[in-house]
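Work through the exercises below with the sequence and the model side by side. Try each task before reading its solution.

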Amino acid sequence: MKLSKTHANLALIIVAFLWGTSFTFIKQAIAAGMPPGLINTFRGLIFALLIYLFFYKIINKMTCTEFRVGLFAGVINCIVLQLQSAGLKYTTPSHSAFLTAMYVVILPFVTWLVFRKQPAKKSYISIALCLLGMAYLTGIVEDEFHVQLGDWFSVLAALALSFQIVYYGHFATGARPQIVAFMLGITQLTMSGVYSLLIESADYPLINWSQAIIPVIILGVSASFLAQTLQIYSQKYTDVVTTGLILMTESLFASVVSISFGIEQLTNRLIFGGILIIIGLLIIQFNMQWLKIKRK
């Protein structure tokens with residue numbers, strides 16, 4: 001089914017909401033003792049099973065080219081999820097969401113690197129505002145350059161996510177979205193499973209399964225199966241810039257949900273730092289020519 005650009009953008013708003021809620025559920029699963037790699041392993045398992053259940057006829061006809069496209073997309077996706085999950089072990093959902101949203105600022109530079117198209121001058125203004133917002137949000141200004149490890153993981157996740165969006169928008173459009181989604185789930189299951197067995201197995205006895213299992217199931221169904229399938233499908237019918245603008249609202253949804261669940265408090269530092277980052281993100285997305293007064 002072909003989508004209009006309006007319908008594709010509406011679908012991406014749903015994606016942003018589902019991703020925004022995922023930060024809180026990841027935090028809940030981690031609080032229950034489940035390590036990040038194992039969380040992503042179960043997410044990949046649920047994702048792959050559901051996508052195959054609904055689209056097995058298409059997936060069974062996968063071509064070699066679609067396999068390669070999906071595999072590379074899956075590797076990038078797995079890196080993003082692992083960095084996000086690891087970051088949430090050491091920081092709050094709002095911090096992680098706002099810092100991860102910096103991918104919108106990084107996107108023009110990734111496009112420059114891949115397509116040799118130089119970023120607009122406003123990109124540098126956006127970076128300055130986002131860095132200042134990060135300084136307030138993470139407490140650098142008040143705590144003498146003390147930044148949590150999770151904050152750095154979140155910034156790295158933003159970098160990886162910018163590559164993922166460019167890849168979806170320019171290289172994965174030729175593959176059927178159901179197959180790319182299935183490969184995301186399989187790759188996530190495999191890579192995260194191996195990582196967890198090698199690195200996290202000592203933490204398995206500490207898991208409170210009764211508390212961890214529900215957030216993980218929600219993550220697998222909503223943030224992985226629904227959100228990522230919608231993203232891959234919708235990006236075929238809109239542009240990268242619009243995609244970035246819509247998906248950046250993920251950080252707003254994440255903060256609202258986190259505060260609503262009582263995981264963190266609404267503070268002046270969170271408000272001010274978040275506003276600076278959002279302004280920086282908006283500048284990079286909108287054409288500011290309309291602000292200029294035309295001279296005769």
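**Exercise 1: A salt bridge and its surroundings**

Arg176 has a relative accessibility of 30% and therefore counts as partly exposed, where buried means under 20% relative accessible area, exposed over 50%, and partly exposed in between (1.4 Å probe, protein chains only). The model is a predicted one, in which local features need pLDDT of at least 70 and side-chain atom pairs count only at pLDDT 80 or more, whereas totals for chains, interfaces and linings use all residues. Residues are numbered from 1 along each chain as its sequence is written, and side-chain values use heavy atoms, with hydrogens and water left out.

Task: find which side chain meets that of Arg176 in a salt bridge.

Solution. Begin with the rule, by which a side-chain nitrogen of Lys or Arg must lie within 4 Å of a carboxyl oxygen of Asp or Glu. The structure holds one salt bridge, and in it the side chain of Arg176 meets that of Glu66, at 2.9 Å from N to O. Next, place the two residues: Arg176 is in the loop between helix H8 (149-170) and helix H9 (177-199), while Glu66 is in helix H3 (residues 64-88), so the bridge ties together parts that are 110 residues apart in sequence. Finally, consider exposure: Glu66, at 7% relative accessibility, counts as buried.

**Exercise 2: Helices and their lengths**

Task: state how many helices and strands the chain has, and test whether the span of helix H1 agrees with its number of residues.

Solution. Helices (H or I, at least four residues) and strands (E, at least two) are DSSP runs, numbered from the N terminus. The chain has 13 helices and zero strands. For the test, the expected span is 1.5 Å times one less than the number of residues. Helix H1 (residues 5-31) has 27 residues and should span 39 Å, and its end C-alpha atoms are 40 Å apart, which agrees. After H1 comes Gly33, with a positive phi near 95°. In the same way, the 26 residues of helix H10 (residues 209-234) should span 38 Å, and the end C-alpha atoms are 35 Å apart, which agrees. There is also a bend of about 30° in H10 at Leu219, taken as the angle between axes fitted to the seven residues ending there and the seven starting there.

**Exercise 3: Aromatic pairs**

Task: classify the ring pair of Phe42 and Trp209, and then that of Phe54 and Phe55.

Solution. Rings of Phe, Tyr and Trp (its six-membered ring) pair if their centres lie within 6.5 Å; planes under 30 degrees apart count as stacked, over 60 as edge-to-face and the rest as tilted. By this rule there are five aromatic pairs. For Phe42 and Trp209, the centres are 6.0 Å apart and the planes are at 90°, so the pair is edge-to-face. This pair links distant parts of the chain, with Phe42 in helix H2 (residues 36-59) and Trp209 in helix H10, 167 residues apart. Phe42 is partly exposed at 25% relative accessible area, and Trp209 is partly exposed at 39%. For Phe54 and Phe55, the values are 6.5 Å centre to centre and 50° between the planes, and the pair is tilted. Phe54 is exposed, with a relative accessible area of 54%, whereas Phe55, with 27%, is partly exposed. Ring pairs also link Tyr52, Tyr56 and Phe182 into a cluster.
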